[in-house]
Amino acid sequence: MKLIFEKSVPGRHSSLLPACDVPAYELPEMRQEPLDLPELCENDVSRHYTQLCQRVHGVNCGFYPLGSCTMKYNPRIDEEMAALPGFTNIHPLAPAASVEGCREVLELAAKYLCEISGMDGMTFQPAAGAHGEFTGVLLIKQYHASRGDTARTKIIVPDSAHGTNPATAAMCGYDVVNVASAPDGCVDLDALKAVLGPDIAGLMLTNPNTVGIFDKNILEITRLVHECGGLCYYDGANLNAVMGHVRPGDMGFDCIHMNLHKTFATPHGGGGPGAGAVGCKDFLKKFLPKSALMEGEGSIQVRGFAGNFLVVVRALAYLMTLGKEGVPEASTNAVLNANYLMEKIKGTFTPAFDRVCMHEFVLDLSEFKKETGVSALDVAKTLIDNGMHPPTMYFPLIVHEALMLEPTETESRETLDEAAEIFRKLYDLAHKDPEYMHNAPHHAQIGRPDEVGAARNPIVRWTRA
Amino acid sequence: MGSYVPGTQAEREQMLKAIGMEREEQLYADVPEQMLLREPLDIPSGMSELEVRNRMMELAEKNRLYKTILRGAGAYDHFIPSIVKYVPAKEEFLTAYTPYQAEMSQGILQSIFEYQTMICQLTGMDASNASVYDGATAAAEAAAMCRDRKRTVTLVSAAVHPDAINTIRTYCYGSNTELRIVPCKDGKTDMDALKEMLTPDVASLVLQQPNFFGQLEDAKAIGEAVHAAKAMFILSCDPLSLSILPTPKELGADVMVGEGQCLGLPIAWGGPYLGIMATLSKHIRKLPGRIVGETTDDADNKAYVLSLQAREQHIRREKASSNICSNEALCALTAGLYMAAMGPEGMKEAARQTTAKAHYLQTELCKLEGVSLKYKGEFYQEFVTVMPKRDCVLAALEEAGILGGLPMGENEILWCATEKNTRAELDRTVAIVKEVLAK
């Protein structure tokens, strides 16, 4: 389809602003370069974006079992509430007495999320999960600094962790100590003990881990880290498995981020805006970030003002809807759906770990690839032709030819049955016609794109011919 | 209670049976007994949609809506065309994830490619990323992008937005690098002080144009001084103003950053906003965050993909240029949509009217006895006044449904106007100020 620039017609426009009712003011220095933006009428713009949206697969279009991303249904009521003028038209620097509703939104959301996570304090300033990690690790950094403990220069990250964990530790000035996982994807206690010492600032961990298994040794893990003087950070990417059943705070974690755009049903928007609420235990509260302009200087700050407020509004509406009964029910059904789908797929593709999983599971296609020559990538691309968004591919790194599936609680049994049927079909197809799968997708918006060419010769903008 | 779980009780029992279980508790068999919650969560019971709507509306009604907003300081109440509110609510845009699978995400990818192009056209720069969190984090990421082994110090003008300064300071604290503040003189960055501070360890200077006090900096000369010291010049701009003001490219910036909220996003008590980052071709591989590139598919058709991923955390892990993955994609789509809906003439008109209204308000206020202008330099949209009874003035305006400028210092106000403010509103504001001062 054409780019919006290719639809531009010189002189075309919409009538949006009235004539200026005050004298014009001539600024002394003006832009010299012409402003080459598209010239369109409103109908052109509307049709263009409608065409674009027809080339997008969202959760509302179909199954989206993208592991680790918790692609659950995004309720419409949450959208409607976030569009209320009483939230959208409020200036962040309006007097405190005029924004009591906004403050109450944050207070209620903090209260509910502290209860769910087992934490004592919370900030909504971080704008995404990785941003929450950055904030959380800075809490750890400030804590050690406040005690004059400057020898702690390392953060432990298991090799099964999300790539953001080591990247975050590095942004916070720490050296990363990678610890190999045990064969079941859980933390290898001996490997952990071997690296613990007075130079360890903390550990970043998600539980259930990235292969979808709850680490039974979690209390021992956090105890060992604390014993050596380090703190424990919980990556909330997998919180959807355990809400209302077990709390990161009770597992021994000191701080945590929660992805409101995963676990608490706010939409991903094609890559944001999200919100990475960061919670912490009492002793870390004094290190939480604040806005210099809204609350005064002297604290850390990770972005302007109070964070992605409208995302918090959506999450609060979601929490109010589910309540104390619905929150654990969501997790139970996320785990049930994952186990049901895994069970249905078994017999064709092989789970990396043949045991009860939590909210997600990983398929290991390495044997299958040896047999058929068809890779995890080929399977993923063929799924596209079947109207399903592929699972997360080649993650975690500890499983080769990995496909990671997270169905979430909002999918029906029919959807899971259909998905399992599609997997079965592809399994058979791989044995009959692997070539077809190497070249998939065949019926999508585009065929496989040349990513290497894109990186070698970057074209990152349109230019007028 | 509300629920979005489709399974009926009967279905759930059948599904449990299918996985060889009898009770739901068995799903959590791996969780050590002593950790399992025995009591229900201490949060209220769930509610129906109707009840949630009523409760949330009560909260929204506790906030005060002002008829007139004359406060900016980082959040600008500009006109937003209706279409800009409707399109981003399309469920496909709203509910998609990051476009990892290009074959089923061409719509999102193309919208970002178009956004990146528009940002380049607006700023004169060569390449834009797909967005970062907001203007403050854009500045902090830009500072990180400019550092190398020898040059580690970031200079920041004292006239940069306080939240941006504090955010850059925090990112520097994270990376164990130093931040130094360049002082101001008469509301602008002090050129003499800057020249002395441009030592060989300085990686970059962050300057804001117009600055926090609304003043237009002598950005070109400052950029030349920065380059003479072989440091990088990071310019934080108001993107809407760039439709009429000199572009960062024209002013010599190496990296342009900005808060994109003024491009069609509501002020929304501070977020979500949009972090804009653009740079020159030679620095593109240092740019953090997602970047969409054009390529071809296996049948040689044009295609868009997430590109240059070798910079990013999921490949580079601790060696990545940043840990960012989720950004503000839907806000970037909204900004692109805003620029398309307004068109080049609409944007210029919005910027021209913004500056006209701000100057009208300033002129009329300063005609009043006792009111003076704090900084005398050229400004675009914001200016600082000094007047007696400052707090009484703001209180009287509030009573009339007008959110006056931001109080600063002892008796200063940082005012802001946009194209949305009518002459009648501005006249009424001036009349109220006059009345209070006359008392």
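Two residues are in contact if their C-beta atoms, placed from the backbone, lie within 7 Å. The model is predicted: local features need pLDDT of at least 70, side-chain atom pairs count only at pLDDT 80 or more, and totals for chains, interfaces and linings use all residues. Residues are numbered from 1 along each chain as its sequence is written, and chains are lettered from A and ligands numbered from 1 in the order in which they are written.

**Stop 1: chains A and B**

Show both chains. On chain A, 167 residues are in contact with 171 residues of chain B. Now select residues 309-345 of chain A: this helix, α10, gives the largest share of the side that touches chain B, 21 residues. Helices (H or I, at least four residues) and strands (E, at least two) are DSSP runs, numbered from the N terminus. By class, that side of chain A holds 92 nonpolar, 46 polar and 29 charged residues. Here Ala, Val, Leu, Ile, Met, Phe, Trp, Tyr, Cys and Pro count as nonpolar, Asp, Glu, Lys and Arg as charged, and the others, Gly among them, as polar.

**Stop 2: helix α2 of chain B**

Select residues 49-61 of chain B. The end C-alpha atoms of this 13-residue helix are 18 Å apart, which agrees with the 18 Å expected at 1.5 Å a residue (1.5 Å times one less than the number of residues). Colour B:V52, B:M56, B:L59 and B:A60, which are buried. These buried residues cover an arc of only 100° around the axis, so they sit on the same side of α2(B); the arc is that of the directions from the helix axis to the C-beta atoms. A residue is buried if 20 or more other C-beta atoms lie within 10 Å of its own, exposed if 12 or fewer, and partly exposed in between, with C-beta atoms placed from the backbone. On the other side of α2(B), B:L50, B:N54, B:E58 and B:E61 are exposed. Add chain A to the view: the buried residues of α2(B) pack against its α2 (76-82), α3 (85-88), α4 (100-117) and α10.

**Stop 3: helix α6 of chain B**

Select residues 135-146 of chain B. In this helix 12 of the 12 residues are buried, so α6(B) is largely enclosed by the rest of the structure. What covers them includes β3 (153-157), α7 (162-175) and β7 (202-209) of chain B, among others.

**Stop 4: the domains of chain B**

Colour domain 1 (68-78 + 344-438) and domain 2 (82-338) of chain B, as the domain assignment gives them; the bounds come from an automatic or database assignment. Their centres, taken over C-alpha atoms, are separated by 29 Å. The contact takes 21 residues from domain 1 and 20 residues from domain 2.
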